[in-house]
Amino acid sequence: MATSNIPEATAKRLPIYYRYLNMLATAGTDHISSTELAEVVKIDPATIRRDLSYFGALGKRGYGYNVLDLLEFFKKTLSQDKLTNVALIGVGHLGQALLNYNFHQSNNTRISVAFDIDQALTGKIQSGVPVYPLEDMKEQLRLQQIKIAILTVPIEAAQAVTDDLVEAGIEGILNFTPLRISVPKRVRVQNVDLTNELQTLIYFLQHFNE
Ligand code: ATP
């Protein structure tokens, strides 16, 4: 099966497998059964076997999985074998936190450029990342061939900025705004609504923890 046809739930677990396989490899583990992997990543073994089966026979019955082989495989599948540059739009509280963080757990994904409308923020380097004025966004994204953007602008600006991102050829948006932005089919959006997540957690604690 082509990797683009795997279920979304499986795709979302791939970075978890990748992270744990990295840790196992660092600890010198050379092979692992799906049951052992299940204990480490806290996902049930049947799900792991099914997830991995989408990618063909990666494990051997009775032997399990070769950690380094699996790690190499995920590295390629998740494009962690090459550097992916990402743009950040909106250097407010959340945007600055993301710039500071800059995905340091991954050597291969980083925010390389940021944009804002606030002149107090632009024309400077923040956490090692240049911040450009919004007017330069389309040109810079095209010039730097950036295909992924993180959106941390206020909700009122979210759709207009998204339209500009689409025009600039962006293919994926990590949307931290609460707005469900509209994009053409070719553009993929991942929504990260932190307030929502927290409210859901509070709801679960109140209703299911008696
Ligand atoms: P946050 O919501 O991230 O905590 P904040 O409260 O500091 O940020 P917001 O008003 O949400 O500020 O704005 C986030 C950032 O987005 C600010 O730095 C602001 O200057 C910037 N911004 C506002 N409108 C736009 C826009 N149209 N394009 C790019 N950046 C914008």
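**Exercise 1. In this predicted model, decide whether Asp81 is buried or exposed.**

*Solution.* Start by finding the residue: Asp81 sits in the loop that links helix H4 (67-77) to S4. Next, count its surroundings: 11 other C-beta atoms lie within 10 Å of Asp81. A residue is called exposed when that count is 12 or fewer, so Asp81 is exposed. Now look at its contacts. Setting aside neighbours within four places in sequence, Asp81 is in contact with Lys75 and Lys76. Finally, compare sequence with space: Asp81 and Asn107 are 26 residues apart along the chain, and their C-alpha atoms are 9.4 Å apart.

**Exercise 2. Work out the order of the strands in the open sheet, and explain why S6 and S10 each have one side without a neighbour.**

*Solution.* Walk across the sheet from one end. You pass seven strands in the order S6-S7-S5-S4-S8-S9-S10, and their pairing is mixed. Strand S6 (124-126) and strand S10 (188-191) are at the edges with a single partner strand each, so one side of each has no neighbour in the sheet. Then check the twist: ignoring direction, neighbouring strands are turned by 30° against each other on average.

Zoom in on one pair. S5 and strand S7 (residues 129-133) run in the parallel sense, joined over three bridges. Here Asp116 stands opposite Pro133 in S7.

Now add the helices. H5 packs on the sheet and touches S4, S5, S6, S7 and S8, with its direction at about 150° to that of S5. H7 also packs on the sheet. This helix touches S4, S8 and strand S9 (172-175), and its direction makes about 170° with that of S8.

**Exercise 3. Find which residues touch the most other members of the largest nonpolar core.**

*Solution.* This core has 24 residues, and those touching the most other members are Ala87, Leu88, Ile89, Ala114, Ala149, Ile150 and Leu151. Trace where the core comes from: strand S4 (84-89), strand S5 (109-116), helix H6 (137-143), strand S8 (148-151) and helix H7 (155-167) each give two or more residues. Take Ile150 as an example: beyond four places in sequence, its contacts include Val86, Leu98, Ile111 and Phe176. A second, separate core has 12 residues, among them Leu21 and Ile32.

**Exercise 4. Describe the shell of residues around the ligand.**

*Solution.* Begin with the count: 18 residues surround the ligand, and the closest are Gly90, Gly92, His93, Leu94 and Ala157. Sort them by class to get 11 nonpolar, five polar and two charged residues. Last, ask which element gives the largest share. That is H5, with three residues.

How values were computed:
Residues are numbered from 1 along each chain as its sequence is written. This is a predicted model: local features need pLDDT of at least 70, side-chain atom pairs count only at pLDDT 80 or more; totals for chains, interfaces and linings use all residues. A nonpolar core is a set of buried Ala, Val, Leu, Ile, Met, Phe, Trp, Tyr and Cys residues joined through C-beta atoms within 7 Å. A residue is buried if 20 or more other C-beta atoms lie within 10 Å of its own, exposed if 12 or fewer, and partly exposed in between; C-beta atoms are placed from the backbone. Helices (H or I, at least four residues) and strands (E, at least two) are DSSP runs, numbered from the N terminus. Two residues are in contact if their C-beta atoms, placed from the backbone, lie within 7 Å. A residue is near a molecule or strand if its C-beta atom, placed from the backbone, lies within 6 Å of it. Ala, Val, Leu, Ile, Met, Phe, Trp, Tyr, Cys and Pro count as nonpolar, Asp, Glu, Lys and Arg as charged, and the others, Gly among them, as polar. Two strands pair if DSSP finds at least two bridges between them. Axes are lines fitted to C-alpha atoms, for helices over the stretch in contact, and angles run from 0 to 180 degrees between N-to-C directions.
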